[in-house]
Every structure is written in C-alpha cells, then in structure tokens.
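Subject: Structure for your review

Dear colleague,

Please find below the structure that I am handing over to you. My findings are set out after it.

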Amino acid sequence: MVVVGLSNARAAGEFDYFEKEIRPLLHKHCYKCHSTEAEKLKGGLLLDSRRGWATGGDSGPAIVPGDPEGSLLLRAVSYADDDLQMPPKYKLADHERAALGKWVEAGAADPRDHQTEGKAEGIDLTKGREFWSFRPVTNQAVPKMNPAPGQGENLGAIDRFILARLAKEGIERVDLARPETLLRRLYFDLIGLPPTPEQIDDFLTDPSPEAYERLVDRLLGSPQFGETWGRHWLDVARFAESSGGGRSLMFKDAWRFRDYVINAFNDDKPFDQFIREQIAGDLMPAGTREQQNERFVATGFLALGPHNYELQDKELLRMEVVDEQIETVGRAFLGMTLGCARCHDHKFDPVPTDDYYALAGIFRSTQSLVPGNVSSWVARELEPEPTLKKAIEQHTGETGEANAALKAAKKELRKVEETSGKTGIIVDDLQAEKIGDWDGWHYEQTAQGSKAGLSGNLAQNGT
Ligand code: HEC
Ligand code: HEC
C-alpha cells in the first residue's frame with residue numbers, strides 16, 4: 001500500500017491546483033455527506049482533510065496518490081460500478097471528473113493537514129500588513145567588518161552582510177575564489193556562457209587593478225546580458241509563442257515582446273517604467289513613434305498566457321482572462337497569488353475579495369479579448385517608419401487602382417456577355433486565325449443517333 005506522507009514540506013505552488021479546482025469541488029459536491037459539518041457522516045468517509053481520504057471510510061483509503069485506477073473515490077465518481085456511485089443523485093460534469101483524475105494522478109497534493117478545518121475567520125488587514133514583505137523598504141546599516149589583511153580590502157556591502165552573519169553563527173569563511181573560478185562564475189552569471197580559453201588568458205594576464213571591473217562592465221554591456229536575464233523575465237511573464245489552454249493558437253507576434261524584454265535589460269530601462277509599460281503602455285504618452293510602438297508591444301504582457309479561446313460561455317471566458325491577468329500581475333509584480341481572492345478573502349496575505357474585484361473591474365474594461373466562436377486577442381498595428389509608410393501607402397494606392405480597373409473590366413465583360421448571349425473563349429494559341437463566327441450552345445446527336453451527347457458546344461461554323 002502506498003503510504004501517504006503528511007508532511008507539509010511541499011514546493012510553493014503545488015497546492016494551487018487543489019485550491020482552485022479540487023477544494024471548491026469537494027465543498028460543493030461532497031462535504032454535505034463527507035465532512036465534519038455533515039449532519040450524518042456517510043460511509044465513514046471524511047473528505048475535508050487529507051487524513052480523511054487517506055484513512056478512508058468503511059472500505060479503506062479513498063485515494064491512492066498517483067494511481068487514479070486504484071482510487072475508490074475516482075471509481076465512485078466515474079459511475080463505473082453499480083454499487084458505489086458518487087454523488088448519489090447525479091454524476092459530476094466531465095471536466096470535474098477529469099480535474100479529480102488529474103489531481104490524483106499528479107500525487108493528490110492536499111494542504112489540509114488538520115483532521116478538521118475551522119470555518120474561515122476572515123483576515124485581519126492590520127495584522128497582515130505587519131508581515132515583513134508588506135513593510136516599507138528601509139536602509140540597513142552595513143555591518144562594519146575588520147577583515148584580516150589581504151582578505152578583502154575590496155569587500156562590498158553584500159560581502160559584509162554575509163561575513164557578519166557567518167561570524168554570528170560561528171562559521172568560518174572559505175577562501176576567496178581563484179581568479180579563473182571567479183571569471184567563470186562571472187561569465188555564467190552575466191551572459192550565461194563560459195569564457196573561452198582566450199578570454200581566460202586575457203583576464204589572467206591583465207595586470208591592471210581595474211581588470212575585474214572593466215570585465216564586468218563589458219559583460220553587462222554585451223547583448224547576451226539581456227538575452228540571459230531577459231529569459232528569466234519571460235518565464236515570469238509566462239511567455240510562449242502559442243496560447244495553450246485549449247486549442248493552441250499561435251501568437252505570431254510574440255517575438256516582439258521577447259525582443260522588448262531583451263532590449264529593456266540591455267538598455268537599462270528603469271524597473272518602474274518596465275512595469276508601467278507592460279500593464280498600461282498603450283495609455284502612456286509617448287514622445288516618438290518608436291517609443292509608442294515599444295509601449296504597444298509591452299502590453300503584450302497582458303495578452304500572453306494560456307486561455308481556452310474555444311470556451312463558449314463568452315462572459316465566463318472574459319472573466320477567466322481577467323483572472324489570469326490579475327494572477328500574473330500579482331505573481332510577477334507583487335510576489336503574491338491574488339487569484340485566490342476570486343472566491344474568498346485571501347487566507348494569508350491581506351487581500352480581500354473587494355480588492356480582487358476592484359482590480360477585475362479595471363482589467364474587465366481593458367480590451368484584450370476578441371469574442372467569437374474561437375475567440376482571439378486584440379491586435380494593434382504598429383506605426384511604420386516614414387519611408388516604409390510611404391511605400392505601403394503607394395502600394396495600397398496602386399493595388400486599389402488596379403482592383404478598380406479590374407472591377408470595371410469585369411463589369412464591361414458581363415455586359416458584353418449579356419447582350420451577345422455568348423460565353424467567352426480562351427485562345428491559348430496566339431497564332432490561331434479566326435475564320436468564322438462562334439456558334440452558341442447546342443446538342444448534337446451521336447453518329448448512331450441513339451444517344452444525345454454534349455459536344456461541340458463552341459463549334460465553329462464552317463469547320
Ligand atoms: C447525499 C450524500 C452524499 C454525497 C453528496 C456524497 N456521498 Fe459519498 N457516500 C454517501 C453514502 C450514503 C455512502 C455509503 C454508501 C455505500 O457504501 O454504498 C458514500 C460512500 C462514499 C465512498 C465510499 C466510502 C467507503 O469507504 O466505503 C466514497 C469514495 C464516496 N462516497 C465519495 C464521494 C465523493 C467523492 C463525493 C462528492 C463528489 C460524494 N461521495 C458525495 C453519500 C454521499
Ligand atoms: C474557484 C474558487 C476558489 C479559489 C480560486 C480558491 N478557493 Fe479556497 N476555497 C474555496 C471554497 C469554496 C472553500 C470552502 C469554504 C468553506 O469551507 O467554507 C475554500 C476554502 C479554502 C480554505 C479552507 C480554510 C477556510 O477558511 O475555510 C483555504 C485555506 C483556502 N481555500 C485557500 C485557498 C488558496 C491559498 C487559494 C489560491 C491558491 C484558494 N483557496 C483559491 C474556493 C476557492
């Protein structure tokens with residue numbers, strides 16, 4: 001039998017699926033008969049705690065993590081057997097059963113460690129705001145250290161903090177890294193690639209005391225710096241070149257956002273500006289055409305992300321998109337999972353549902369979704385550079401003229417056809433000579449006279 005661990009040492013985010021999909025489902029469909037709140041507990045089974053399903057009811061464990069087939073609970077909700085069908089009065093919707101299956105398959109992560117759970121007590125905003133990450137940033141005095149001679153005259157502030165803590169814990173510091181080790185770390189940190197043998201030689205043979213600083217500056221200034229560090233932001237911004245979340249649609253312009261991020265790192269864009277542009281770049285006044293385009297592209301941040309564009313309930317889809325935007329803004333810029341407050345006050349952070357729906361109102365009035373059978377996203381044209389713009393205008397003008405001429409010619413042709421009652425012919429031999437008039441459509445008897453056939457519909461008189 002699989003032993004269910006009851007430790008809470010799980011990776012952050014592992015319970016998100018449970019909180020979003022599973023807990024509300026169990027609460028809605030099962031707690032009435034399978035929780036401490038139930039008037040009369042049924043089948044001896046509690047589903048409002050992890051221990052509840054792990055111990056199970058009259059027939060033993062209800063869930064075997066990682067093994068959907070071996071889990072009694074999933075058999076019960078699948079209505080496969082006649083003798084145990086849950087909930088008893090109706091079958092769960094397909095997507096609900098699929099969600100339970102997916103959760104069990106992935107290991108049935110469940111944070112409900114207590115035998116029973118108390119009712120929600122609500123949040124204490126004042127107390128919540130005292131949590132360290134909600135307090136204003138303050139400058140901490142850099143610890144004064146007196147390193148031994150030759151052991152760090154060049155210590156930076158971070159080194160001093162580390163050394164002070166090491167001293168406090170009674171841990172001896174390690175030796176300074178050898179120059180080639182330092183160099184290798186520097187390259188990996190700043191551009192994600194190791195140095196070449198020549199670059200190592202150059203560094204080791206450079207006698208200048210500024211060699212290290214100059215190298216750092218050079219690496220910070222290289223295009224690979226933005227590519228390496230931009231990648232991390234692209235992860236935070238859930239960057240992908242297709243939508244996922246249902247039928248996957250291609251984001252054919254996603255590369256523009258990728259380049260925007262890389263350039264932002266390489267151009268040292270101030271972080272506050274970087275945030276504003278991604279949330280509301282289209283509303284920011286722009287000085288130049290390039291800046292305007294850049295800010296439009298930045299708002300791609302809101303359009304990225306997995307959405308089920310095929311969802312037929314359009315109002316739900318709209319709110320799902322809004323939810324995903326709030327969730328991402330919370331995670332990316334605030335380091336918080338705001339999405340939980342869609343259904344109840346946040347349990348740990350000071351975020352009430354009021355705040356969630358205040359934000360939802362803002363994103364709801366932001367047009368990023370184009371509803372349709374298969375919905376899509378709003379696309380805005382970028383302003384081309386003047387010479388290109390001229391060329392496009394000229395091209396549009398020319399094709400417009402050509403189209404108008406074509407339309408007129410077709411009209412003329414139709415007129416001729418109507419008055420002459422004749423269809424056109426295609427002459428593929430320009431040397432052909434016209435030696436008579438064209439006949440109209442007519443049927444001809446076959447040689448035997450037994451069958452009527454269609455032939456010579458453009459037979460020429462006199463041939
Ligand atoms: C209206 C009450 C009711 C609801 C709602 C309900 N159940 Fe049950 N459940 C029962 C009863 C009664 C039994 C015992 C019946 C039996 O053994 O045939 C039972 C038994 C079970 C068992 C077997 C327990 C064991 O060890 O024998 C499982 C698993 C189960 N339910 C899962 C669920 C799940 C999952 C839900 C929600 C999706 C649910 N039930 C909703 C009444 C309910
Ligand atoms: C789709 C709606 C929904 C979302 C999103 C949601 N929950 Fe819940 N949550 C519920 C429901 C329903 C309950 C059951 C309430 C009850 O038992 O009274 C619940 C209960 C809880 C409880 C039980 C404790 C208590 O006070 O009753 C915790 C803890 C919890 N949720 C945490 C979270 C976290 C963390 C997130 C975000 C990762 C989250 N929830 C997202 C619907 C949701």
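The notes that follow take the ligands, the cavities, the aromatic pairs and the backbone in turn.

Please bear in mind throughout that this is a predicted model.

Ligand 1

The shell around ligand 1 consists of 19 residues, and the closest of them are Cys30, Cys33, His34, Ser59 and Met86. Two of these closest residues also place a polar side-chain atom by the ligand. For Ser59, such an atom lies 2.6 Å from an oxygen atom of ligand 1. For His34, the partner is a nitrogen atom of ligand 1, at 2.9 Å. The backbone takes part as well, since a polar backbone atom of Asp58 is 3.1 Å from an oxygen atom of the ligand.

Which helices each supply at least two residues of this shell? They are H2 (31-34) and H4 (72-78). The largest share, 3 residues, comes from H4. Sorted by class, the shell contains 11 nonpolar residues, 5 polar ones and 3 charged ones.

Ligand 2

Ligand 2 contains an iron atom, and the protein offers this atom a single donor, NE2 of His344, at 2.0 Å. His344 is located in the loop between H16 and H17.

Cavities

The count comes to 2 cavities of 30 Å³ or more. The largest has a volume of about 40 Å³, and the second largest holds about 30 Å³ of space.

The lining of the largest cavity is made up of Arg318, Val321, Val322, Gln325, Phe363, Arg364, Thr366, Ser368 and Leu369. Helices H16 (314-334) and H17 (353-364) each provide at least two of its residues, with H16 giving the most, 4 residues. Its composition is 4 nonpolar, 3 polar and 2 charged residues.

The second largest cavity is bordered by Leu302, Ala303, His307, Tyr309, Val321, Gln325, Ser368, Leu369 and Trp377. Here, H15 (300-303) and H16 are helices that each supply at least two lining residues. This lining has 6 nonpolar and 3 polar residues, but no charged ones. Val321, Gln325, Ser368 and Leu369 appear in the linings of both cavities.

Aromatic pairs

The structure contains 16 aromatic pairs. One of them joins Phe239 and Phe257, which are stacked with 6.5 Å centre to centre and 20° between the planes. This pair links distant parts of the chain, 18 residues apart: Phe239 belongs to the loop between H11 (223-236) and H12 (254-266), whereas Phe257 is in H12 itself.

Backbone

Most residues other than glycine have a negative phi, and most peptide bonds are trans. Against that background, three places deserve mention.

The peptide bond from Met86 to Pro87 is cis, with omega near -15°. Pro87 lies in the loop between H4 and H5 (94-105), and Met86 is also among the residues closest to ligand 1.

Tyr79 has a positive phi, near 60°, and is not a glycine. Tyr79, too, is found in the loop between H4 and H5.

Ala108 likewise shows a positive phi without being a glycine, at about 55°. Its place is in the loop between H5 and H6 (125-128).

With kind regards

Notes:
Residues are numbered from 1 along each chain as its sequence is written. Chains are lettered from A and ligands numbered from 1 in the order in which they are written. This is a predicted model: local features need pLDDT of at least 70, side-chain atom pairs count only at pLDDT 80 or more; totals for chains, interfaces and linings use all residues. Side-chain values use heavy atoms; hydrogens and water are left out. A residue is near a molecule or strand if one of its heavy atoms lies within 4 Å of it. A polar contact is a pair of N or O atoms within 3.5 Å; within protein, one must be able to donate a hydrogen and the other to accept it, and residues adjacent in sequence count only if both atoms are side-chain atoms. Ala, Val, Leu, Ile, Met, Phe, Trp, Tyr, Cys and Pro count as nonpolar, Asp, Glu, Lys and Arg as charged, and the others, Gly among them, as polar. On a 1 Å grid over the protein atoms alone, a cavity is a set of points where a 1.4 Å probe fits but cannot get out, and a pocket is an open set with protein on both sides within 12 Å along at least five of seven lines; lining residues have an atom within 4 Å of a point. Grid points are joined across faces, edges and corners, and a volume is the space filled by probe spheres set on the points. Donors are N, O and S atoms within 2.8 Å of the metal (3.2 Å for Na, K and Ca); water is not among the atoms, so sites may look incomplete. Rings of Phe, Tyr and Trp (its six-membered ring) pair if their centres lie within 6.5 Å; planes under 30 degrees apart count as stacked, over 60 as edge-to-face and the rest as tilted.
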